[in-house]
Amino acid sequence: MSEHSENTTASGGGPEPEPIRFFGTTWVGHDGGYGLRRAGVAAGSLITAFAAALLLRFAYEGLAVAEVGSFVNVLVVVMFAVCSAIAFRKTWESFSRRPDGSPSEDSLRGLKAIGFIGSLIAYALRCFGEAPGEKLRRAEYEAALRQYEKRRGTRSGNPAARGTKARPKRR
């Protein structure tokens, strides 16, 4: 469970939901323009991925103009394809589990930066079903609510009254 889901309000009203980028806490009740935000984020991600693909195409044409050779051209295409696939998979996995902070996660940061188109596509595809990371945060939030209710239920009653029954009276 995340440390974020354990946060409580200043008034002690229970745990607060963790905000999601671009959605805030509208994912809890699907209010506040949640559907429009999902559509907007999906469209924005797809448009950005398309623009990035055009940029990569221009870069590839620059390699062709420079006549670097077919081996380098193939190598560049394969590198971007593999990096995009890795970035897609890692981004998709990040929606269902928290990163463990291992060195392998940090070592993939460069690959994910090169394959950013894969990350953008994963983000857009996830927006078609839910806010990215909503399922994970909802599970954490509901578990925190259950824990809060359980703790709150066991503390009901007057604690001073329970203490007098357990102690024998002195004379």
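This passage describes helix H2, its pairing with helix H1, and the surroundings of one residue of H1 in a predicted model.

Helix H2 comprises the 25 residues 70-94, and its end C-alpha atoms lie 36 Å apart, which agrees with the 36 Å span that should follow from 1.5 Å a residue. Within H2, the buried residues are Asn73, Cys83, Ser84, Ala87, Lys90 and Thr91, and these pack against four helices, namely H1 (34-66), H3 (103-107), H4 (109-114) and H5 (116-129).

The pairing of H2 with H1 was examined further. The axes of H1 and H2 come within 10 Å and cross at roughly 160°; because angles over 145 degrees count as roughly antiparallel, H1 and H2 are assigned to that class. The crossing in which H1 passes H2 is right-handed. On the H1 side, the contact involves Leu56, Tyr60, Leu63 and Ala64, which meet Asn73, Val76, Val77 and Phe80 of H2. Of the residues that form this contact of H1 with H2, seven are nonpolar and one is polar, whereas none is charged. Asn73 thus appears both among the buried residues of H2 and among the residues of H2 that meet H1.

Helix H1 also contains Val41, which is buried, its relative accessible area being 12%. When neighbours within four places in sequence are left aside, Val41 is in contact with Phe22, Phe23, Tyr123 and Cys127. For one of these residues, Phe23, the separation along the chain from Val41 is 18 residues, and the C-alpha atoms of the two are 9.3 Å apart.

How values were computed:
Residues numbered from 1 in each chain as written. Predicted model: local features only at pLDDT ≥ 70, side-chain atom pairs only at ≥ 80, totals over all residues. Heavy atoms only, no water. Helix = DSSP H or I, 4+ residues; strand = E, 2+ residues; numbered from the N terminus. Expected span 1.5 Å × (residues − 1). Buried < 20%, exposed > 50% of the residue type's maximum accessible area, 1.4 Å probe, protein only. Contact = heavy atoms within 4.5 Å. Axes fitted to C-alpha atoms, helices over the stretch in contact; angles between N-to-C directions. Parallel < 35°, antiparallel > 145°, perpendicular 65-115°, else oblique. Left-handed = near helix turned anticlockwise from the far one by under 90°. Nonpolar A, V, L, I, M, F, W, Y, C, P; charged D, E, K, R; others polar.
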